[in-house]
Amino acid sequence: MEEQCNRLQRIWALTIMAIAGVFLPFAYADDAADPDRRLAEALARAGFTGTIQASLPNRLGRPLHPALVELGRLVFFDNILGLHNDNACAGCHSPATGFGDTQSIAIGTDNNGLVGPDRTGPRNQRRAPMTVNTGFYPRMMLNLRFASIAHNAFDLSEGARVPFAVGGTTVWRPGSACIYGTCFDPVKMTTLLTVQGHLPPTETVEMGGFSAEHPGDVDPNLYHPPHLVSSGAIADTVPGPIPGPNGSPPDSTDTSYSMRQKVLDRFNANLTYIAKFAAIYPEAAGGQVTFAMIGAALAEFQMSTSFANAPLDRFARGDRRAMTPQQKRGALLFFEKAQCVACHTGAGESNEMFTDFDNHVAGIPQIAPKGFGLQPGGNPLNPDDFPGNVRFAGPQEDEDFGLEELTGDPVDRYRFRTSPLRNVALQPTFFHNGAFTELADALHYHVDTLRMAPTYHPTAAGVDADLTVRRGPSSPVLQRLDPRLVALGNLRLNGHEFADLLAFVRDGLLDPGALPANLCQQIPPTVPSGLQVLTFQGCP
């Protein structure tokens, strides 16, 4: 009886194996032959719709205002926003690179008037991020220091959270106190971008410069008297600090408030700008332009540069021919096996921007400018005399502590924002410090960080020579590497898989509208201030 049972079990086993041998290959072949179905199901599971671009008017609650877009365009390219008279928003956000940086580490004031690979001047701390699609960002900057308290880029009902030095949580919210030049206007300030536009003019490394009215008001290692700058103008001076609109405390005493006042005076002394603002906001007539109006104009222009209609979006909306077979295979890796979507999320608060808007340790090699400060008696326009204007962290001043510099918590050391991946192919440099200059190299490092880190060299990575001199330690960074990146490295993607993933990230997420052929048309030949417009390499 026992032998008969064993024989029956063997028969059943052979039958099941036979069935599997017949049907499983067909099932596998069917699955492999229908990647469209697999990808559509993966997108549905991820909550990705491909409709974020079309949602903009509904999210704003209105269509874009053409005159405000045009006014914001002029302000974006005009050095009037920067007291140093030699840098505009576009100086660090070039139309040739998706309105992103042309540098590994940004160059702000005391530049040579070029925006592109030949730009020179003292280095800041990090790469300037792309502004394309930032209208959908509920948190901004490489350490996410600007955020909507409501976690919604289009909802400022609770205000915005910014670093303490520029107002913390007390200034940028409905009902807060005002001082000249700094006031939350709930009618005009309805998106996070409208707040963000108030802040670059108050950054000395970006636009304000270090020609202070009183030398003691800036770092003595950086101070220099007003001088002729690349625009052909003389640098204006940074005024002394004043308390914030709510007093000090709860606001800091800081030059940002006085700088904003001085920039606003420049607009209200310019008849062309007054007329253009008054045509939209009648209360601006007679020289009553407010910074809320300037922030709204800058935001409207940036909203108009939203480009989220990539091949993946068109595929998600039903066009199965929008992506190449290789892009589809790469997308499946992204959403399934490699689980890139765990951090580069595509739904919910991410607004289909392929970022979780959170900070992580990605193990990026640490590079730093070759020095800090202006040499005594040196020329601020000579990068050899003035190599950098930010003092880096760490014992050797060659490290960037990332989020820790904002929170003061060592747990946050080396944490930076998950990079949004839309239109990433337009970037000439990658990661927070531009440690790589080729997308393929950056992706290779990202998917196999622990194995690639020991062989990294900035010269081989194509980084500019002045950023190859000093390197921060790698071991403490790698010890904190996000576990998800450790797991990704353990997958050991093969060459075909890597090529597929690269094709998806590079081409499957690229909206042709963000290419230089389109964005370079935004450069105005002249601006209302009369200051010289920067020269953009890579644009016709």
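**Cysteine pairing and a three-stranded sheet**

In this predicted model, the sulfur of Cys340 has its closest cysteine sulfur in Cys343, at 9.2 Å, which is too far for a bond, given that a disulfide requires the two sulfur atoms to lie within 2.5 Å. The residue itself is buried, because its relative accessibility of 13% falls under the limit of 20%.

By the distance criterion, two disulfides are counted, a disulfide being a covalent bond between the sulfur atoms of two cysteines. One of them links Cys178 with Cys183, the sulfur atoms being 2.0 Å apart. Cys178 is classed as partly exposed on account of its relative accessibility of 40%, and Cys183, with a value of 28%, is likewise classed as partly exposed, because the partly exposed class extends between the 20% limit for buried residues and the 50% limit for exposed ones.

The other disulfide joins Cys520 to Cys539, with a sulfur-to-sulfur distance of 1.9 Å, and the angle of -65 degrees about its S-S bond makes this link left-handed. Cys520 is located in the loop between helix H19 (516-519) and strand S11 (535-536), whereas Cys539 belongs to the segment after S11, so the pair ties together parts of the chain that are 19 residues apart in sequence. Cys520 and Cys539 are both buried, in contrast to the partly exposed Cys178 and the partly exposed Cys183. When the bonded cysteines are counted along the chain, the disulfides follow the pattern 1-2, 3-4.

Cys89 takes part in no disulfide, and the nearest cysteine sulfur, which belongs to Cys92, is 9.1 Å away. With a relative accessibility of 13%, Cys89 counts as buried, as does Cys340, for which the relative accessibility is also 13%.

Turning to strand pairing, an open sheet of three strands is found in the order S2-S3-S4, and the pairing within this sheet is antiparallel. Strand S2 (139-140) and strand S4 (160-161) occupy the edges, where each has a single partner strand, so one side of each remains without a neighbour in the sheet. In general, the strands of a sheet pair through backbone hydrogen bonds, in either a parallel or an antiparallel arrangement. Between S2 and strand S3 (residues 146-148), the antiparallel pairing extends over two bridges, and Met140 stands opposite Phe146 of S3.

Definitions and conventions. Residues numbered from 1 in each chain as written. Predicted model: local features only at pLDDT ≥ 70, side-chain atom pairs only at ≥ 80, totals over all residues. Heavy atoms only, no water. Buried < 20%, exposed > 50% of the residue type's maximum accessible area, 1.4 Å probe, protein only. Helix = DSSP H or I, 4+ residues; strand = E, 2+ residues; numbered from the N terminus. Pairing = 2+ DSSP bridges.
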